[in-house]
Amino acid sequence: MAPTPDSHYEVIIIGGSYAGLSAAMTLGRSLRKVLIIDDGTPCNRFAPNAHNLPGFDGESPKFISDKMREQVRCYPSISFLKDRADKVVGKDNHFTVSVSKGEKFHANKILLATGVIDILPDVKGFKECWGISAVHCPYCHGYEIANKKIGVLAHGDAGVKMAQLIRQWSAAIHILTNGNEDFTKEQLQELHDKGTRVITKEVKEMVHQDGVLSKVIFIDDTEEALDAVYARVGVTQATDIPKKLGCEFDSHEFIVVDDHHRTKISGLYAAGDNMSAMRSLTAAMAAGTKAAAMINQEIVDQEYGIVD
């Protein structure tokens, strides 16, 4: 169903990736009138394959999202709009969403499934390797690069914890601190005892072929052959809508929600990567499904005058 400007929906979902589509299916099956607004730029679009998702292991992220979207479209109460939501104003049962083309849509409830943007290190070649041989999650990528020569682009506690986590996948681990030297003596001894090398030189370039890493060049032009790199990158919210609405954020910049995926703003929910550090397709889908069920329940409770 094509959306019409100024139309009113029971729920508007901002973000049509895995959390948003899972939520839409649940709400569509609940016969709720829903609009999904999405601009088609999911954060995992750089990865050629997705893993650890039963039924779709090894498929491309696009294939999975296209299949989900195709199935969601089967529910007639769901509408799609390919655009970017720029602004949300209002309150519970009276929200207005403005999109980049200038159109406005109205809703009782809003679900933010907007995701995050990765803050990539300023290292030549890193961006091209991201999602291919520069990765963030061993559960998503560890099996494919197991028993290879691995770098960990991190330092301090983050570097130690990542090295500990991935040891079962590879014994040849090299921590690349990129110029930082903030390990304790105890941490350095532990890393040494486990055979983990610590290279504190600044990383100048990641040499690759079509995103497949072959070696790392340091600032002094020395080199280290590596097959892949794990990186603890920072994130930022993909839109300023949560901030402008007054959402609360934790120390890692994720939206704070309760067990029902409610934000501190009445009628405003969040699900997916924007509210959780557990960034996987299965986690995003589960969050979207749960958030949708909670939204539906709140609509029911309000219809019957039930106060939470």
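**Exercise 1. Find which elements cover the buried residues of helix 1.**

*Solution.* Start with the elements themselves: helices (H or I, at least four residues) and strands (E, at least two) are DSSP runs, numbered from the N terminus. The model is predicted, so local features need pLDDT of at least 70 and side-chain atom pairs count only at pLDDT 80 or more, while totals for chains, interfaces and linings use all residues. Residues are numbered from 1 along each chain as its sequence is written, and side-chain values use heavy atoms, with hydrogens and water left out.

Step 1. Pick out the buried residues, where buried means under 20% relative accessible area, exposed over 50%, and partly exposed in between (1.4 Å probe, protein chains only). In helix 1 these are Tyr 18, Ala 19, Gly 20, Leu 21, Ser 22, Ala 23, Ala 24, Leu 27 and Gly 28.

Step 2. Look for what lies over them, taking contact as heavy atoms within 4.5 Å. The cover includes strand 1, strand 2, helix 2, strand 3, strand 6 and helix 8.

Step 3. Draw the conclusion: because nine of its 12 residues are buried, helix 1 is largely enclosed by the rest of the structure.

**Exercise 2. Check the length of helix 1 against its expected span.**

*Solution.* Step 1. The expected span of a helix is 1.5 Å times one less than its number of residues. For the 12 residues of helix 1, that gives 16 Å.

Step 2. Compare with the model: the end C-alpha atoms of helix 1 are 17 Å apart, which agrees.

Step 3. Move just past the helix. Leu 31 follows helix 1, and its phi is positive, near 65°.

**Exercise 3. Work out which elements build the largest nonpolar core.**

*Solution.* Step 1. Set the rule: a nonpolar core is a set of buried Ala, Val, Leu, Ile, Met, Phe, Trp, Tyr and Cys residues joined through side-chain atoms within 4.5 Å. The largest such core has 30 residues, and Ile 13, Ile 36, Ile 64 and Leu 111 touch the most other members.

Step 2. Assign members to elements. At least two residues each come from strand 1 (8–14), helix 1 (18–29), strand 2 (34–38), helix 2 (61–72), strand 3 (78–82) and helix 8 (281–303). Helix 8 gives the largest share, eight residues.

Step 3. Zoom in on Ile 36. Leaving aside neighbours within four places in sequence, its contacts include Ile 13, Leu 21, Ala 24, Val 72, Ile 78 and Phe 80.

Step 4. Do not stop at one core. A second, separate core of 23 residues includes Ala 85, Ile 110, Leu 112 and Ala 270.

**Exercise 4. Describe the surroundings of Lys 109 and its salt bridge with Asp 92.**

*Solution.* Step 1. Place the residue: Lys 109 is found in strand 6 and is buried, with a relative accessible area of 0%.

Step 2. List the contacts. Beyond its neighbours within four places in sequence, Lys 109 touches residues including Glu 10, Val 11, Ile 12, Asp 92, Phe 95, Gly 267 and Glu 298.

Step 3. Test for a salt bridge, that is, a side-chain nitrogen of Lys or Arg within 4 Å of a carboxyl oxygen of Asp or Glu. Asp 92 and Lys 109 qualify, their closest N and O atoms being 2.6 Å apart. Asp 92 lies in the loop between strand 4 (85–91) and strand 5 (94–99) and Lys 109 in strand 6 (residues 104–112), so the pair ties together parts that are 17 residues apart in sequence. Asp 92 also counts as buried, at 15% relative accessibility.

Step 4. Contrast this with Asp 240 and Lys 244, whose closest N and O atoms are 3.2 Å apart. Here Asp 240 is partly exposed at 36%, and Lys 244 is exposed at 64%. Both pairs belong to a structure that holds 16 salt bridges.

**Exercise 5. Lay out the open sheet of three strands.**

*Solution.* Step 1. Two strands pair if DSSP finds at least two bridges between them. The order is 12-13-14, with antiparallel pairing.

Step 2. Name the edges: strand 12 (203–209) and strand 14 (223–225) each pair on one side only.

Step 3. Follow one pairing. Strand 13 (residues 212–218) and strand 14 are joined over three bridges, and Val 216 stands opposite Glu 224 in strand 14.
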